[in-house]
Amino acid sequence: MKHWRKLLGMGLGLGLFAGMAALGTGAGAQTHDYWPGREAARPHVSGDEGLTNTYRFWKDEDAVRRAKAAGMQSRDVNFKDFRWLEKSFDALLLVDKGKEVFHQKNARGESCASCHGTDGAKLVGTYAQLPKYNERLKRVVVGPTQIATCAQERLGQNWPENTKNNSLLDLYVAWLSDGKTVAIDVTSAGPMRDAYEKGRDLFFKRTGHFHFACASCHTPPTTQLFLRGQRPSGYYGDAAHYPLYHFPFRLPGDDLDDIFTMQHQIKSCQTLSRMRQGREGSPSMTAIEVFLKASANGYKMSIPTQQYNMDTNYLSNR
Ligand code: HEC
Ligand code: HEC
């Protein structure tokens, strides 16, 4: 574990140098606030045609299979092959653990299932529409925040965001939407559209120690190239696979059964890119997730999947 952290750290350092050399536009890099491409962002997965232009190779499972058969590499299909073709058995065990927590009774004999049905029957499909505006809380919530609120207020369970039970429940509830099409409405005026625009702006805004934006790595020309010992993917479609099984990489102090919720993934990138880390579930972190999830609109949820594995991700040039 320690060894890998060190390697990753080196990867980050070297990657950043290489990245700055490749991306640096001299003085220009210091003067603009936003990384280019913000205006071209679209709340639909096909927006990738104007970004990495690889959408046709990964738009569904058949497309991925055809691309692989034609000899294309993982990076050419934006790594969606791991999501479609290598569903994780280990992650299924975590789905089972999440299911146990879902049915775990409190002192009054109540559980999540008391309201949402045995085996989450009434939550089937709902995760494809999260994050959403919660009328009662008067704010937009991500899955982990909704779960934390239900747990605290209705069951008296202290399962806040970024804890093990919360992450297991997030995975379980998301799994109930496996195969459902992501549909986040950010076109009608209202809090969801506001959150999308705020999240998009945060994604393209340069910040932090290295004056990078999320987009510095997750849009061309950087996308799919080797950076930080990894290859960052384009931002379209990825959110349809979250939360995911993220073995063996953890952030220091993690005790989350190797589940990365989207909130945790965002924080991981902030940490590794030396940006200020947001609090998971906060309005600005939620806004970034709204932006990413809406960028997966029209794409099918695929849960549970895994971060592509060590062999192909860190050790080779695939
Ligand atoms: C006493 C009933 C009750 C219990 C128990 C309960 N919830 Fe809820 N849940 C609700 C209600 C009501 C809503 C609608 C939104 C709100 O009021 O916050 C909701 C909303 C949700 C949603 C969003 C559904 C959607 O359509 O977007 C999820 C996910 C969810 N709950 C998960 C859980 C989980 C996980 C647990 C166990 C920790 C749980 N809930 C426990 C009543 C409950
Ligand atoms: C220094 C480069 C860099 C920056 C800046 C960066 N990331 Fe990442 N990000 C990566 C790498 C490398 C990965 C791992 C490869 C991958 O999955 O794309 C990654 C992974 C991700 C993933 C998971 C993609 C997937 O398919 O599982 C998401 C989502 C993400 N980043 C969002 C963000 C957000 C939001 C920000 C800004 C807060 C950000 N990133 C900033 C390099 C970066």
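## Two ligands, and what the labels mean

Colleague: A backbone N or O atom of Ser233 is 2.9 Å from an oxygen atom of ligand 2. What makes that a polar contact?

Modeller: A polar contact is a pair of N or O atoms within 3.5 Å (within protein, one must be able to donate a hydrogen and the other to accept it, and residues adjacent in sequence count only if both atoms are side-chain atoms). The Ser233 pair, at 2.9 Å, is within that limit, so the label fits. Bear in mind that this is a predicted model, where local features need pLDDT of at least 70 and side-chain atom pairs count only at 80 or more, while totals for chains, interfaces and linings use all residues; side-chain values use heavy atoms, without hydrogens and water. Residues are numbered from 1 along each chain as its sequence is written, with chains lettered from A and ligands numbered from 1 in the order written.

Colleague: Which side chains do likewise at ligand 2?

Modeller: His218 puts a polar side-chain atom 2.7 Å from a nitrogen atom of ligand 2, and Tyr242 has a side-chain N or O atom 2.7 Å from one of the ligand's oxygens. Two elements give two or more residues to this shell: α11 (214–218) and α12 (262–272). The most come from α12, with 5 residues.

Colleague: Over at ligand 1, what makes His116 and Cys150 donors of the iron atom?

Modeller: Distance and atom type. Donors are N, O and S atoms within 2.8 Å of the metal (3.2 Å for Na, K and Ca). His116 offers NE2 and Cys150 offers SG, lying 2.0 to 2.4 Å from the iron, so both pass. His116 is in helix α7 and Cys150 in helix α8, 34 residues apart.

Colleague: Why is the iron site called octahedral?

Modeller: Six donors count as octahedral if opposite ones are over 155 degrees apart and all others between 65 and 115. Around this iron, the 6 donor atoms subtend angles of 87 to 178°, which makes the arrangement octahedral. Ideal angles for six octahedral donors are 90 or 180 degrees.

Colleague: How do you know that Lys132, Asn134 and Gln146 make polar contacts with ligand 1?

Modeller: By the same kind of check. Lys132 has a polar side-chain atom 2.9 Å from an oxygen atom of ligand 1. For Asn134 the side-chain distance to a ligand oxygen is 3.0 Å, and for Gln146 it is 3.0 Å too.

Colleague: Which element gives the most to the shell around ligand 1?

Modeller: That is α8, with 6 residues.

Definitions and conventions
Helices (H or I, at least four residues) and strands (E, at least two) are DSSP runs, numbered from the N terminus. Four donors count as tetrahedral if all angles lie between 85 and 135 degrees; four count as square planar and six as octahedral if opposite donors are over 155 degrees apart and all others between 65 and 115; anything else is irregular.
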